[in-house]
Amino acid sequence: MRRRLCGFTVLICAIIVAANLAFVVKDTFFYNIENLPEGTYVRSELNQELFLSQGLRLEIYQVEATAHYPAAVRVELHNVNTRERRNVYWQTNTESTMVVWNEENIYEVGINGVTVDLRSKGYDCRDLMN
């Protein structure tokens, strides 16, 4: 009886470890918008009100096609006051970027037809839940 309980405990622990490992691998290698190639700087875009009040601007990077990624665009939100940077947009199979600021909500910006709320995690074309 004791041997069976010990085997059951080991099995439960192995399942828990495997499930946690699966989530770590998924978040690290698949849908982590912060784990992207840097690319080549193209230009900056800013909303004057957002830049003057909080020091935020968008920096656009072009990523060349490689064996791991097709050509892509990466957009980074850069806070010039704190020097913090965060990816807010990732789109593969594209080489150009059109940015349209929402005049009614300074935290919303249209990038290649996708509305991105700068306060949220952003847009990642690999994430099917976007």
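This passage describes the strand pairing, salt bridges and surface of a predicted model.

Strand β3 (residues 72-79) has partners in both β2 and β4. With β2, β3 pairs in the antiparallel sense over eight bridges, and within this pairing Q62 stands opposite V73. With β4, the pairing of β3 is again antiparallel and comprises eight bridges. Two positions illustrate the register between β3 and β4: E76 faces N87, and L77 faces R86. The two strands form a hairpin with four residues between them. In the turn of this hairpin, R83 has a positive phi of about 65°.

β3 is mostly covered, as eight of its eight residues are buried. The side chains of a regular strand alternate between the two faces of the sheet. In β3, A72, R74, E76 and H78 point one way, whereas V73, V75, L77 and N79 point the other way. Residues of both sets are buried, and the set that contains R74 and E76 also contains A72 and H78.

Strand β4 (residues 84-92) also pairs with strand β8 (residues 123-124), here in the parallel sense and over two bridges. Y89 of β4 has Y123 of β8 as its bridge partner.

A further group of three strands forms an open sheet in the order β5-β6-β7, with antiparallel pairing. The edge positions are taken by β5 (99-101) and β7 (114-117); each has a single partner strand, so one side of each is left without a neighbour in the sheet. Neighbouring strands of this sheet are turned against each other by 30° on average, direction ignored. Strand β6 (residues 108-111) and β7 are joined by four bridges and run antiparallel. One of the bridge pairs is formed by I111 and V114, the latter in β7.

The loop between β4 and β5 contains T97. With a relative accessible area of 15%, T97 is buried, because this value falls under the 20% limit. Leaving aside residues up to four places away in sequence, T97 touches R43, I60, V73, I111 and N112. Among these contacts, V73 belongs to the set of β3 residues that also holds V75, L77 and N79, and I111 is the bridge partner of V114.

The count of salt bridges in the model comes to six. E59 takes part in two of the pairs described here. In the pair of E59 with R57, the closest N and O atoms are 2.8 Å apart; in the pair of E59 with R85, the corresponding distance is 2.7 Å. R85 lies in strand β4 and E59 in strand β2 (residues 56-63), so this pair ties together parts that are 26 residues apart in sequence. The residues of these pairs differ in exposure. E59 is buried, with a relative accessible area of 3%. R57 is partly exposed at 23% relative accessibility, and R85 is likewise partly exposed, with a relative accessible area of 43%.

Another salt bridge links R119 to D117, with the closest N and O atoms 3.1 Å apart. R119 is exposed, because its relative accessible area of 54% is over the 50% limit. Its partner D117 is partly exposed, at a relative accessible area of 25%. Salt bridges that share partners also join R57, E59, R74, E76 and R85 into one network. Within this network, R74 and E76 are buried residues of β3 that point one way from the strand, and E76 is the residue placed opposite N87 of β4.

On the surface, L5, F8, L11, I12, I15 and I16 form a nonpolar patch. Together these residues have about 580 Å² of accessible area. One of them, I15, is located in helix α1 (residues 2-29).

Definitions and conventions:
Residues are numbered from 1 along each chain as its sequence is written. This is a predicted model: local features need pLDDT of at least 70, side-chain atom pairs count only at pLDDT 80 or more; totals for chains, interfaces and linings use all residues. Side-chain values use heavy atoms; hydrogens and water are left out. Patches are made of residues with over 30% relative accessible area and no salt bridge: like charges are joined within 9 Å, nonpolar side chains (Val, Leu, Ile, Met, Phe, Trp, Tyr) within 5 Å. Accessible areas come from the Shrake-Rupley method with a 1.4 Å probe; for residues, only the protein chains shown count as cover. A salt bridge is a side-chain nitrogen of Lys or Arg within 4 Å of a carboxyl oxygen of Asp or Glu. Two strands pair if DSSP finds at least two bridges between them. Axes are lines fitted to C-alpha atoms, for helices over the stretch in contact, and angles run from 0 to 180 degrees between N-to-C directions. Buried means under 20% relative accessible area, exposed over 50%, partly exposed in between (1.4 Å probe, protein chains only). Contact means heavy atoms within 4.5 Å.
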